[in-house]
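Reader: I have this model open and would enjoy a close look at one part of it. Could you take me through a hairpin and then show me what else the chain builds?

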Amino acid sequence: MDRTTRPLVVVAAFASSLVVALVVVLWLLGGLRGVTAPSAIGGPFQLTDQAGQTVTEKNLQGRPTLIFFGFTHCPDVCPTSLFEISEVLRAMGKDADRVNAYFISVDPERDTAGAMKDYLSSFDPHLKGLTGDPDAVAKVISGFRVYAKKVPLKDGDYTMDHTALIYLMDRDGKFVAPFSLKRTPEAAAADLKRYL
């Protein structure tokens, strides 16, 4: 090998190894895979709304969806979040009819369809409360990666520790991102309208 071709061979070998490394990294990160992995948040479920109607993951399709997990005996986080969601829906005007908004119970022991109906009567009528038997609720909690734990109180009653996140799902029922309410209802409504 002469002195003029040797640097070219070294550069070519270096460039080839960079290309191979890039291909391996892209493959490991999923950039070159033909099939994308399903969302790690969500999945099949079957619950009942406050009117006794069955709601499944198929009801999330065709509209953007806000989902909040909580319970009717929650002293502060749940009513505050549901009030803020109600304000966003109000700010959307007629477009609120084109959005799903669900309050899913993490306390099926106390949160019957009737209890959900009474509780949600204080909030925007677009909000639907979902509950079910403990196994059905546990399945949706697991699918959405929600933390929920019963915490006994000194008086023999209990409360629930739970994730206080609002999930934004797109029109295909896929998780987009946590939906922030730390802004004006009008700004949050404008953001939600982008997914209509």
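Author: Gladly, and let's begin at the hairpin of E6 and E7, where 5 residues lie between the strands and glycine 156 adopts a positive phi near 95°. Please keep in mind that this is a predicted model. The two strands of the hairpin, E6 (residues 148-152) and E7 (residues 158-162), run antiparallel and are joined by 5 bridges. If you want a landmark on this ladder, look for lysine 150, which stands opposite methionine 160 in E7.

Now step back to the whole chain. The protein has 5 helices and 9 strands, and from the N terminus on they follow the order α-β-β-β-α-β-α-β-α-β-β-β-β-α. An open sheet takes up 7 strands, in the order E2-E1-E5-E4-E3-E8-E9, with mixed pairing. Its edges are strand E2 (54-56) and strand E9 (175-178); each has a single partner strand, so one side of each lacks a neighbour in the sheet. From one strand to the next, the twist averages 35°.

Within this sheet, have a look at strand E4 (residues 100-105) and strand E5 (residues 127-131), which run parallel and are joined by 4 bridges. Here phenylalanine 103 stands opposite glycine 129 in E5. Helix H3 (residues 113-120) packs on the sheet, where it touches strand E1 (46-49), E4 and E5, and its direction makes about 155° with that of E5. Helix H4 (residues 134-143) packs on the sheet as well, touching E1, strand E3 (65-70), E4 and E5, with its direction at about 110° to that of E1.

While you are at H4, find proline 134, which lies in this helix. Proline 134 counts as exposed because its relative accessibility is 56%, and the cut-off for exposed is over 50%. Its C-alpha atom is separated by 8.9 Å from that of valine 106, although the two residues are 28 residues apart along the chain.

Helix H2 (residues 77-92) is a good one to check for length: at 1.5 Å a residue, its 16 residues should span 22 Å, and the end C-alpha atoms are 23 Å apart, which agrees. The buried residues in H2 include Cys78, Ser81, Leu82, Ile85, Ser86, Val88, Leu89 and Met92. These residues cover an arc of only 160° around the axis, so they sit on the same side of H2. Just after H2 comes glycine 93, with a positive phi near 65°.

H2 also helps to cover another helix. In helix H5 (residues 185-193), the buried residues are Ala188, Ala189, Asp191 and Leu192. Viewed down the axis of H5, they fall within an arc of 160°, so they line one face of the helix. The cover over these buried residues includes E3, H2 and strand E8 (166-169).

A few totals round off the tour. Of the protein's 196 residues, 36% count as buried. About 11,400 Å² of the protein is exposed, and carbon and sulfur atoms supply 59% of that area. Among the contacts with a separation of 6 or more, 70% are between residues 24 or more positions apart.

Conventions:
Residues are numbered from 1 along each chain as its sequence is written. This is a predicted model: local features need pLDDT of at least 70, side-chain atom pairs count only at pLDDT 80 or more; totals for chains, interfaces and linings use all residues. Side-chain values use heavy atoms; hydrogens and water are left out. Two strands pair if DSSP finds at least two bridges between them. Axes are lines fitted to C-alpha atoms, for helices over the stretch in contact, and angles run from 0 to 180 degrees between N-to-C directions. Contact means heavy atoms within 4.5 Å. Buried means under 20% relative accessible area, exposed over 50%, partly exposed in between (1.4 Å probe, protein chains only). Accessible areas come from the Shrake-Rupley method with a 1.4 Å probe; for residues, only the protein chains shown count as cover. The expected span of a helix is 1.5 Å times one less than its number of residues. The arc is that of the directions from the helix axis to the C-beta atoms.
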